[in-house]
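Here's a quick tour of how a few helices and charged side chains sit together. Have the model open while you read.

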Amino acid sequence: MTNNRPCRCELKFRKLRDTEDIEKYLRAFEHVAQSNEWPKPSWSARLAPELTGKAFEAYANLSLDEAKDYDNLKKVILIKYEITAEAFRNNELLKRQGCNLTTGFTQHTSHCQSTGILRA
């Protein structure tokens, strides 16, 4: 006797590493949540046990109601990591100009200043 039902395997998510890019981590979490078809109201509760370091601090400082809202939790975590929409846009612009703020910034500073991308 064969079973024609598709496998309903739930993808697991792992703990945040201290050295990890928080934006990529959250994006990967969202992909797992969507693949598993988790209801969005459950996302914060599923993410919270995997948070460490600054992300966990951001979560722990929220009220229960604030922590239940995934979009709010994500915003607070990104703020804790000092990642704002403006900083993200500026970093993307600098990357396109050959300047990378996340690695080797000092190597690129003089190039970025000489091209007018950054001001001294």
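## How two helices cross

α3 and α5 are oblique to each other. Keep in mind that this is a predicted model. The axes of the two helices cross at roughly 130° and come within 9 Å. That angle lands in the oblique class because it falls outside the 65 to 115 range for roughly perpendicular and is not over 145, where roughly antiparallel begins. As for handedness, α3 passes α5 in a right-handed crossing.

So who touches whom? On the α3 side you'll find Lys54, Ala55, Glu57, Ala58 and Tyr59, and they meet Leu73, Val76, Ile77 and Lys80 of α5. Sorted by type, the residues of this contact come out as 6 nonpolar, 3 charged and no polar.

## A salt bridge in that contact

Two of the residues from that list, Glu57 and Lys80, also pair up in a salt bridge, with 3.3 Å between the closest N and O atoms. Glu57 belongs to helix α3 (residues 53-60) and Lys80 to helix α5, so this pair links parts of the chain 23 residues apart in sequence.

Is each partner buried or exposed? Glu57 is partly exposed at 39% relative accessibility, and Lys80 is partly exposed too, at 31%.

## The other salt bridges

How many salt bridges does the structure hold? The count is 4. Another one of them also involves α5: Lys74 bridges to Glu30, and their closest N and O atoms are 3.0 Å apart. Lys74 lies in helix α5 (residues 70-80) and Glu30 in helix α1, so here the tie is between parts 44 residues apart in sequence. Lys74 is partly exposed, with a relative accessible area of 26%, while Glu30 counts as buried at 15%.

Then there's Arg14 with Glu20, whose side chains meet in a salt bridge at 2.4 Å, N to O. Arg14 is partly exposed at 34% relative accessibility. Glu20, at 19%, counts as buried, because the cut-off for buried is under 20%.

## One more arginine

Where does Arg17 sit? Look in the segment before α1 (22-35). Arg17 is partly exposed, with a relative accessible area of 49%; that keeps Arg17 out of the exposed class because exposed means over 50%.

Arg17 also has a partner from further along the chain to look at: Thr52 is 35 residues away in sequence, yet the two C-alpha atoms are 7.2 Å apart in space.

Definitions and conventions
Residues are numbered from 1 along each chain as its sequence is written. This is a predicted model: local features need pLDDT of at least 70, side-chain atom pairs count only at pLDDT 80 or more; totals for chains, interfaces and linings use all residues. Side-chain values use heavy atoms; hydrogens and water are left out. Helices (H or I, at least four residues) and strands (E, at least two) are DSSP runs, numbered from the N terminus. Buried means under 20% relative accessible area, exposed over 50%, partly exposed in between (1.4 Å probe, protein chains only). Axes are lines fitted to C-alpha atoms, for helices over the stretch in contact, and angles run from 0 to 180 degrees between N-to-C directions. Angles under 35 degrees count as roughly parallel, over 145 as roughly antiparallel, 65 to 115 as roughly perpendicular and the rest as oblique. A crossing is left-handed if the near helix is turned anticlockwise from the far one by less than a right angle, and right-handed if clockwise. Contact means heavy atoms within 4.5 Å. Ala, Val, Leu, Ile, Met, Phe, Trp, Tyr, Cys and Pro count as nonpolar, Asp, Glu, Lys and Arg as charged, and the others, Gly among them, as polar.
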